[in-house]
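Take a look at the model below. We will visit the ligand and its surroundings, then move on to a helix.

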Amino acid sequence: MFHRILVANRGEIALRILRACKDLGIETVAVYSEADRDSLHLRYADETICIGPASSSMSYLNIPAIIAAAEIADVEAIHPGYGFLSENAHFAEVCQSCNIKFIGPSAQAITDCGDKVAAKALAAKANVPCVPGSDGPVDNEHDALRIAREIGFPVLIKAAAGGGGRGMRVAHNDPSLVTGFHSARSEAESAFNNSTVYLEKFVDKPRHVEIQIIGDTHGNVVHLGERDCSLQRRHQKLIEESPCPVLDEDTRKAMGEAAIRLAKVANYYSAGTVEFLLDKDNNFYFIEINSRIQVEHPVTEAVTDTDLIREMILVAAGEPLSFRQEDIEMRGHAIEFRINAEDPDQNFKPSPGKIKTFVPPAGPGVRWDSHVYQGYTVPPHYDSMVGKLIVHRRTRKQAIAVAKRALAELQIEGIATTAPLFLRILDHSDFCNGDVDTGFIDRYFTPR
Ligand code: MV4
């Protein structure tokens, strides 16, 4: 087992990883940018190293600075968290060549998952249902038109290197397809340095349901059920829950088994997420696979009683998974709320600044993952998440009741947050009935 790990991230996930290391008796090294000097996680690390100025490209994305810190601190492994270098195959390779374990999947698996066309090909090979589409890149507008007419409008043009909806266009007819094809390509080129696009049939008002998987280096892969992440705004998830309120046991089993088949053909180990769209008739279609631990992993930890960060560390050290598929049972219902320093009444405008009053939520069924405290200043340089509230109870109804209580207990003054918005959503009958899709927030909660 490792003796010393470097955490190449910031904020709540850095703290989460440090806690897992403490629980395993592993020493920790935290790296930080000049803007993060006051982050809570630095106080809990055995060693801290400043790796550069506030700008991410000069600190948390700066591979030479992070590798230098790892060499100086003499760590055996690096946990990349989410975002930043977590899905950077080159970084995984550099770690390997420096004899440092990258706590994540292989560089090859990261590369395959990062290319959605390649990932869809692997899914097809694994007999995983995919959204009907182009079965590969589309190189010119003539092919795009031919394929779109074949699969039938409306269609989506998607970037192979895409994510977060960038380089994505919907087309309802020939002219909008031609326009969308070119604008998706140029957006993809400037965002990802890769103009490759592909086509998919547009699924109307889908739910976003994803399967958590984890594999070891001995060929074992286990799924830990699903998360419903349908409550998003502009491709930013706001609320995630497990189980999905509308998934039946047979569909869950079929999705889980599909995710495992895909992981196996991709030689996948470590934690990963297989994303599906679920249509109105509960048909599921693979869309992409994320090769990192995700923000919303705690809802899965709650309902499956696992520790995914601990498990990632163990499998990176070559240990077999500590559980088998038949050991995994889903118990109760968990919901996560992302508390962002954003003003929902001002079009979610970022609201960095000093937290003058801070009282965390607590009590039965409540988990609070956060790096902030009273007197902390939320820097303007990074994503705006200041904490995650995770509630877990035996039923969805009880989880909602605990969420309302916990959100009311949470006191944050000095900055605007998404907490008041969540209290309104929790009073909405559609949410309480589990009747949401990816358009819910925009329909009901975009500025009054
Ligand atoms: C789709 C879709 C409908 N049909 N694909 C958005 C980002 C990327 N992860 C995939 N996305 C979508 N892909 C087909 N064929 C609708 C979306 C989509 C969406 C998906 C999940 C959650 C929120 C969303 C918001 C808008 C569009």
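A polar backbone atom of Val 203 lies 2.9 Å from a nitrogen atom of the ligand. That is a polar contact, meaning a pair of N or O atoms within 3.5 Å. Side chains join in too. Lys 158 brings a polar side-chain atom 2.9 Å from a ligand nitrogen, and Glu 200 does so at 2.9 Å. How much of the ligand does the protein bury? Alone, the ligand exposes 510 Å², and the protein buries 88% of that (Shrake-Rupley method, 1.4 Å probe).

This is a predicted model, where local features need pLDDT of at least 70, side-chain atom pairs count only at pLDDT 80 or more, and totals for chains, interfaces and linings use all residues. Residues are numbered from 1 along each chain as its sequence is written, and side-chain values use heavy atoms, without hydrogens and water.

Now the shell. It holds 16 residues, each with a heavy atom within 4 Å of the ligand. Seven are nonpolar, four polar and five charged. Strands 6 (155–159), 8 (197–201), 12 (270–278) and 13 (284–290) each give two or more residues. Strands here are DSSP E runs of at least two residues; helices are H or I runs of at least four.

Strands 6 and 8 also help cover helix 7, residues 141–151. Its Ala 144, Leu 145, Ile 147 and Ala 148 are buried (under 20% relative accessible area, 1.4 Å probe, protein chains only). In an α-helix with 3.6 residues a turn, residues three or four places apart point the same way. At the N-terminal end of helix 7, Asn 140 acts as a cap: a side-chain oxygen sits 3.1 Å from the backbone nitrogen of His 142. Just after helix 7, Gly 152 takes a positive phi of about 95 degrees.

Key
Polar contact = N/O pair within 3.5 Å; in protein donor to acceptor, adjacent residues only side chain to side chain. Nonpolar A, V, L, I, M, F, W, Y, C, P; charged D, E, K, R; others polar. Buried < 20%, exposed > 50% of the residue type's maximum accessible area, 1.4 Å probe, protein only. Contact = heavy atoms within 4.5 Å.
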